[in-house]
Amino acid sequence: MPSSDAEMFEETLRAFRKRRIEPEWEKLNAPDSERYRALWQGLHDLGATAFSLPEDSGGVTLDTPSRFAILRELGAASPALAFGLVSHVSALALLGEASARRLPEPFDTEAAGARFALAGSPLDPLPETGFELVSNGSLSLSGSQRVALTYPEWIAVPARESGRLRLCVVRANERAVRFAGAPSSHGLRLVPFGELTIDHLAMRPEHVFSWPASGRVANEADGLVTALLTGMADELAERAGRYALERYQGGKMIHEHDAVQQLTGPIELARRALEALALATLDRDAAGDGGASAFGVELVRRSGLDAIQTFGGYGYMEDFRVERYLRDANTLETCWIHASARQRAVARHRFAEMAR
């Protein structure tokens, strides 16, 4: 029997992976709304999509190891699905904090079952945004921004209003809301990337909130993304290690070669470091700065390259899957993490603290 909720979630998600994700793994390398929605419904049935909601709105309270276990397992099985889950729970957490944890209508009845997405990176405490909210007798939202949209029903949109940051929640099927997907050769291919455009959408005042200033949602997202990256490092370590134990070359198994040990050893250490970092970040009650995921994505990208070299020329083929995890990590870096910028921001904040 599982000794903790985290172990129970891991076992449940492993069964979900074996039954629902692995049989279709090769088909997850292209945008597919129906396949994504079917997998999402499976996650919802497991209770994995509501851990950012208050309990009176259908939420589930999970401890740090359980939240980590969900994103770690999904990161290993389908990084695109894990990507969508972080966007969803971040949008709901922002809405919950902005409304003092009591969701207003219609979110109090729809949030538990609906798909939400955040227009932009959840790692930004105060995000840059291409949307503007104008008040001229009524509220109107306009603008555009390149995003990845995980086939949501509701979109949480950061918008500027007279220099202040607002959180606007809009229905994805409004006529004024358009999303133009663009072909991509990068990772996370199950979800589309493109331009989100909102053209003079009339906003109801009860769907516009002051942006939560605590930065706690950014910290939670930082830990969840790092847990996602831990799952990816797990998979790279397992696949590279198994291959090294099976491949015979130069008169001995390749795991006996120093060169291969120098490739696989750092991957194993990366997964251990990422687990500790993710758990520590999720345990913090402070404003986030994206530093954990910025460090983590660099480790996973390096691990992906080392795994590919472990396989030799075969590493570039989809048969062994390691190249896809590298593409997924590169896409996370490009669309959400922006590691070099975050590392500079962490340094600036640290220097400011030291100078006080």
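The largest pocket has 31 lining residues, and those nearest its centre are Ser121, Thr334, Cys335, Trp336 and His338. The model is predicted. Two or more lining residues come from each of α4, β3, α9 and α10 (339-355). The space in this pocket is about 690 Å³.

**Aromatic pairs**

Trp336 also belongs to an aromatic pair, with Phe83 as its partner. A search of the whole structure turns up 7 such pairs. A ring pair is described by the distance of the centres and the angle of the planes. Two of the pairs are set out here.

| Pair | Centre to centre | Angle between planes | Arrangement |
|---|---|---|---|
| Tyr36 and Tyr151 | 5.5 Å | 55 degrees | tilted |
| Phe83 and Trp336 | 4.2 Å | 25 degrees | stacked |

Why is the pair of Tyr36 and Tyr151 tilted? The planes stand at 55 degrees, and the tilted class takes what is neither under 30 degrees nor over 60, so this pair falls into it.

What does the pair of Tyr36 and Tyr151 tie together? Tyr36 lies in helix α2 (residues 33-45), and Tyr151 lies in the loop between β3 (139-148) and β4 (154-161). The pair therefore ties together parts that are 115 residues apart in sequence. Both tyrosines are buried. Ring pairs also bring in Trp40, giving a cluster of Tyr36, Trp40 and Tyr151.

The stacked pair links distant parts of the chain too. Phe83 is in helix α4 (residues 79-98) and Trp336 is in helix α9 (residues 322-337), 253 residues apart. Phe83 and Trp336 are both buried.

One more ring has a charged partner. Arg321 places its charged end over the ring of Trp25, 4.0 Å from the ring centre.

**Nonpolar cores**

The largest nonpolar core holds 64 residues. Which of its residues touch the most other members? They are Ile70, Leu71, Leu81, Leu332 and Ile337. Helices α4 and α9 are among the elements that give two or more residues to this core. The others are α1 (5-21), α2, α3 (64-77), α6 (216-246), α7 (258-283) and α8 (291-310). Helix α6 gives the most, with 12 residues.

Leu71 shows the contacts of one such residue. Leaving out residues up to four places away in sequence, Leu71 touches Phe51, Ala82, Leu85, Val86, Leu224, Ala227 and Leu228.

Another core lies apart from the largest one. This second core has 21 residues, including Phe107, Ala111, Phe116 and Trp211.

Methods: Residues are numbered from 1 along each chain as its sequence is written. This is a predicted model: local features need pLDDT of at least 70, side-chain atom pairs count only at pLDDT 80 or more; totals for chains, interfaces and linings use all residues. Side-chain values use heavy atoms; hydrogens and water are left out. Rings of Phe, Tyr and Trp (its six-membered ring) pair if their centres lie within 6.5 Å; planes under 30 degrees apart count as stacked, over 60 as edge-to-face and the rest as tilted. Helices (H or I, at least four residues) and strands (E, at least two) are DSSP runs, numbered from the N terminus. Buried means under 20% relative accessible area, exposed over 50%, partly exposed in between (1.4 Å probe, protein chains only). A charge sits over a ring if NZ of Lys or CZ of Arg is within 6 Å of the ring centre and within 35 degrees of the ring normal. A nonpolar core is a set of buried Ala, Val, Leu, Ile, Met, Phe, Trp, Tyr and Cys residues joined through side-chain atoms within 4.5 Å. Contact means heavy atoms within 4.5 Å. On a 1 Å grid over the protein atoms alone, a cavity is a set of points where a 1.4 Å probe fits but cannot get out, and a pocket is an open set with protein on both sides within 12 Å along at least five of seven lines; lining residues have an atom within 4 Å of a point. Grid points are joined across faces, edges and corners, and a volume is the space filled by probe spheres set on the points.
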